[in-house]
Amino acid sequence: MPKKDLISGNLAAAHGARLSRPRVIAAYPISPSTTIVEHLASFINRGELEAEYIPVESEHSAMGACIGASLSGVRVFTATASQGLAYMHEFVYHAHGYHLPIVMAIANRTLSTPWATTCDYSDTMAENTSGWLQLFAENAQEVLDTIIQAYKIAEDKRVLLPTMVCMDGFLVSHTAENVEIPDQEVVDNFLPAYSPEHFILDPDNRMAAIVPPRPWVISFEHQTDDCMNNAKDVIKEVGSEYGKIFGREYGLIDKYRCDNAELLLMTMGSMTGTARVAVDELRREGLQAGLVRLRSYRPFPDEELREACKDVRAVAVVDRDVTHGIGGRGGAFFTELKSCLYNLDSKPHLTNFIAGLAGREITIENFKFMASKTLESVKKGLGESVEWLDEVQIPVTKSAPLEKYADRIVLPGVRACAGCGMLLTARHVFQTLGKDTVFTFIPGCAGVTMQSALALKPLVRLPFAEVVFAGTAAVATGLREGLKIRGKSHVNVVGLAGDGGTVDIGLQALSAAAERGESIIYICYDNEAYMNTGIQKSGSTPFGAWTTTTPRGARRKKKTFKKDMAALMAMHRIPYVATASIAYIPDLEKKVRKAARIVAEDKGLAYLHVHAPCPTGWRFPTSETVNVARLAVRSGMWILYEVEEGKMKLNLKQEKRTPVREYLKVQGRFDGLSDQEIQEIQQEVDQNWSSLSSDQKPSSTQTIEP
Amino acid sequence: MKKLPLVPIGTEIESAETGSWRTFKPVVKKETCNKCGLCVMFCPDGVILKTKDGIEIDYVFCKGCGICARECPSKALEMILEEE
């Protein structure tokens, strides 16, 4: 019996994936993504899904791993959104030519800038020439149903193309609906196991993808284009078969009250529910309105749309996106609809409405306005037009009193959690550096809390720009060079990022900036997971720590030790590397001053790695932040040292160390560690210390002295 | 309609009263405080200010995390449940 449950679009997507039995899931759950992969990690942990989840360090690698896994001949799944999809782009494109039927859930969210994490289609529209199918679901049920269908469509031998299943970010992904969850057995009968023949990497059946002779490429693309076209029939067939088995039928478009309609609203995604109500109201008011929802954006269903439009007077197309500079202006749906209606003998009047960008609500009234506006231009005989629903209300806000903080760089009122280690770090770092500082950060804890959400108001008295996740060091490099040319070499250029933005996705840019000798100050506040997005594992998460992607349990727990980032930076032979802790503020300040001096002398990159506990993610009371940081140092879990011009100096010699158990037991994230695991951690710490204090020098840093 | 700037830049500082987040309120016992300033240093939000009489907590912003009370070597800060 299928089960009904009140679940979010994210969980519905995870169930859809689970029921489709992917064997490899590779995802970077961060920049930004959703809880889809967290749910999948839990399914695997509970033994409800036999799959490997690879928590990669970036979306680029997520799609890379998916491509690798698909080439090995197994079914794969991933999920992302917005910047993450954009960062993946190179590999997204790569998948189509290998004809890998990868299914990817997308919670559509705005592509920056301006920054927003809310819903629109700018992310997937930027991938609309990538050779992926793009199916847009209206609600959570359709998300689940479409993911199951997507595998069947993508793996069909007439198609063999990767497929995106899109849902509205937040509006569907993070809200709960009643969803019917089918039985595994029934899904298994509908969706057979994946058995590729066209391309697989396996010594038992040797094939190699060759760079083809250049003149052949056009022909390969021609075949892909035919596959995309074939997908129209396959989507309809699969949607109809699904309907027969599961009671919910799907097609390329979804029509509502289109009989005898003189005006059509055309929508995509979740706005359709509101539009249906608007159509009902318009009909009651005497206007013969109808509605067409575009479900398949790729392939674009020309025939169905031509058929729907052939007898109507006017069409109001709503785009939750805009294609800057496109011929005729407007959004993607509008533009393509126009081209597909070109051959109609009697064409309807078209008006395009750009609405709902970055999650702005589209109301029943908005739809009724669109209908009347469109009819008005028909009556007046005006040409097609693009209208923006973009009225802005600037709120009158009053700042909290700040008279006491005239000399303060980071002002109070930052929306970081109570007891935040990051804020304590940032506050002292910037106060020490002073006003001749420019900084860049990323959408981590610092990026999202140190500015006001209500209006354009910063909470830091410094110039800054929030940039993309992988780019802290790259942007800082450019800033430094530009300021130097403008005669402002004295300005401190700071890159500020968390551990995820440093040791995972930001590593490439940071390593390169270090190697080039860029005179920037790079500060990593290490809270040992992706905290801002909901406590997902990073490369800095310690052995045995709970996170939402490393839940407790043998199957998914964190089995490796954290990346030793400061040592890695020291191996770049930069002039200054230091570790610091929020429990030792004077030491931190001293190191910040030293870093500033070194970059002022243009000697190269100065790197500071600050241990910054997080009460929210580490599961301890907010009052314990400093104490936990101190215990980390006293137990030797965190070592305070500097490497200056290749010379290493321990800042705090711990003759007698507190047992690591004392540090672990005050944090909920380490609950349930066995004695043996605690012993393993203790041994790792002891070994670290003995290698530091012995004469044995690490092989690649010959100049380091104990 | 007021026109927005070309880029969403902000120049004017504005802050919000995070004091409303508080469940427990740190209260200073003046007679016990030795004015060491550790609470000033360790307050993540920087809302404990040094005055000539000792310290002053800015309740407009204090989120009530309790680090100050936890770290105070002379136990001069007490966390008290906020009343309605």
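**The interface of chains A and B, and a sheet in chain A**

Between them, chain B and chain A bury about 3,300 Å², of which 61% lies on carbon and sulfur atoms; buried area is the accessible area (1.4 Å probe) that two parts lose on being put together, summed over both. In chain B, the residues that lose the most area to chain A are I13(B), E14(B) and P44(B), together 21% of what that side buries. This is a predicted model, in which local features need pLDDT of at least 70 and side-chain atom pairs count only at pLDDT 80 or more, while totals for chains, interfaces and linings use all residues. Residues are numbered from 1 along each chain as its sequence is written, chains are lettered from A in the order in which they are written, and side-chain values use heavy atoms, without hydrogens and water.

In terms of contact (heavy atoms within 4.5 Å), 35 residues of chain B meet 46 residues of chain A. The interface holds 5 salt bridges, each defined as a side-chain nitrogen of Lys or Arg within 4 Å of a carboxyl oxygen of Asp or Glu. E71(B) forms a salt bridge with R630(A), and their closest N and O atoms are 2.2 Å apart.

Chain A contains an open sheet of 7 strands with mixed pairing, in the order β3-β2-β4-β5-β7-β6-β12. Strands are DSSP runs (E, at least two residues), numbered from the N terminus, and two of them pair if DSSP finds at least two bridges between them. The edge strands of chain A, β3 (52–55) and β12 (296–298), each pair on one side only. Strand β2 (residues 24–27) of chain A pairs with β3(A) in the parallel sense over 4 bridges. V24(A) has E52(A) as its bridge partner in β3(A).
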